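Opening the notebook on a new model today. I want to go through the strands, then a couple of glutamates, then the rings.

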Amino acid sequence: MNKPEKQYVNAAGRFLAVVKTPGNGWLGETNSGKQFIRVPMIVTEEGPQKDREVVWQGYLSEAAEERTIKTLNDIFGQGWTFDGLFAGKVTWAGTLVSVTVGEEEYNGEPRFKAKWINPPTRKQEIEHDEVVGWDKKLAEIRGSAPAPAMKTKTERSEEHTSELQSPYVISYA
């Protein structure tokens, strides 16, 4: 059976998305030797970008490392390590996030890439049926059965949630 061709986000905006397991690992290095951590996501909210993929890269250079780690801690908590991600002992797959996609020009063509990721900001609009649908999509992407439902975390107050909504700029130094 042939896998369908990936469709990537092709518009700028802010979207709710679910993190998926990267096919080539969480950690990577550019051709120029810059190390980064990748977070691939599938847009989950209704609209033309639904089910499209976008990948955020947080650079681990001396200039950007602290901001990258703070961003990841704000979204995924502090129970992860680079070694855990590398060894497959830790995963962020299935985590709901808010992703801001920006447009750039590359060789005269528009290119869309994840600029910021944050904890989800429109949680109150999400219905349980929608989450079950995401789990089905996640299982389809993984090629496995949906995982059993987990206990939900205590909801944050609207004031506390708004404190976490600041966009995180990642330096590409």
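**Entry 1: strand pairing**

How many bridges join strand E1 to E3, and do they run parallel or antiparallel? I looked this up first and got three bridges between E1 (residues 13-19) and E3, with the two strands antiparallel. Keep in mind that this is a predicted model. For one specific pairing I checked Val19, whose bridge partner in E3 is Met41.

Next I looked at E2, which covers residues 27-29. E2 is joined to E3 by three bridges, and that pairing is antiparallel too. I noted that Glu29 stands opposite Gln35 in E3. E2 and E3 make a hairpin, with five residues between the two strands. In the turn I checked Gly33 and found a positive phi of about 95°.

Then E4, residues 53-59. E3 and E4 pair over seven bridges, again antiparallel. Two pairings went into the notebook: Val39 stands opposite Trp56 in E4, and Arg38 has Gln57 as its bridge partner in E4.

**Entry 2: how covered these strands are**

How many residues of E3 are buried? I get eight of the nine in residues 35-43, so I wrote E3 down as mostly covered, with buried meaning under 20% relative accessible area. E4 is mostly covered as well, with five of its seven residues buried. For the protein chain as a whole, buried residues make up 36% of the 173.

**Entry 3: overall layout and confidence**

I stepped back to the whole chain. I find four helices and six strands, and from the N terminus the order reads β-β-β-β-α-α-β-β-α-α. I also looked at contacts between residues at least 6 apart in sequence: 58% of them join residues at least 24 apart. The accessible surface comes to about 11200 Å², and carbon and sulfur atoms hold 49% of that.

On confidence, the protein chain averages a pLDDT of 81, and 75% of the residues score at least 70. I flagged residues 151-173, where pLDDT stays under 50. The model has 41 contacts beyond four places in sequence for that stretch.

**Entry 4: two glutamates**

Glu45 caught my eye in the loop between E3 and E4. Is Glu45 buried or exposed? Its relative accessibility is 18%, so Glu45 counts as buried, the cut-off being under 20%. I then checked what the side chain of Glu45 reaches, and found the backbone nitrogen of Leu16 at 2.6 Å.

Glu65 is in helix H1, residues 65-76. At 36% relative accessibility, Glu65 counts as partly exposed. Which residues does Glu65 contact, leaving aside neighbours within four places in sequence? I find Tyr59 and Leu60. I also took the C-alpha to C-alpha distance from Glu65 to Gln35: 9.7 Å, with their positions 30 residues apart in sequence. Gln35 is the residue I already had opposite Glu29.

**Entry 5: the rings**

How many aromatic pairs are there? My count is five. One of them is Trp80 with Phe82: 5.1 Å centre to centre and 85° between the planes, which is edge-to-face. Trp80 is buried, at a relative accessible area of 9%, whereas Phe82 is partly exposed at 29%.

Trp80 also pairs with Trp92. Why do I call that pair edge-to-face? The centres are 5.3 Å apart and the planes are at 85°, and planes over 60 degrees apart count as edge-to-face, so the label fits. This pair links distant parts of the chain, with Trp80 and Trp92 twelve residues apart. Trp80 is in the loop between H1 and helix H2 (82-87), and Trp92 is in the loop between H2 and strand E5 (96-106). I checked Trp92 for cover too, and Trp92 is buried just as Trp80 is.

Last look of the day: which residues do ring pairs link into a cluster? I wrote down Trp26, Phe76, Trp80, Phe82 and Trp92.

Conventions:
Residues are numbered from 1 along each chain as its sequence is written. This is a predicted model: local features need pLDDT of at least 70, side-chain atom pairs count only at pLDDT 80 or more; totals for chains, interfaces and linings use all residues. Side-chain values use heavy atoms; hydrogens and water are left out. Buried means under 20% relative accessible area, exposed over 50%, partly exposed in between (1.4 Å probe, protein chains only). Two strands pair if DSSP finds at least two bridges between them. pLDDT is the predictor's confidence in each residue, from 0 to 100. Contact means heavy atoms within 4.5 Å. Accessible areas come from the Shrake-Rupley method with a 1.4 Å probe; for residues, only the protein chains shown count as cover. A polar contact is a pair of N or O atoms within 3.5 Å; within protein, one must be able to donate a hydrogen and the other to accept it, and residues adjacent in sequence count only if both atoms are side-chain atoms. Rings of Phe, Tyr and Trp (its six-membered ring) pair if their centres lie within 6.5 Å; planes under 30 degrees apart count as stacked, over 60 as edge-to-face and the rest as tilted.
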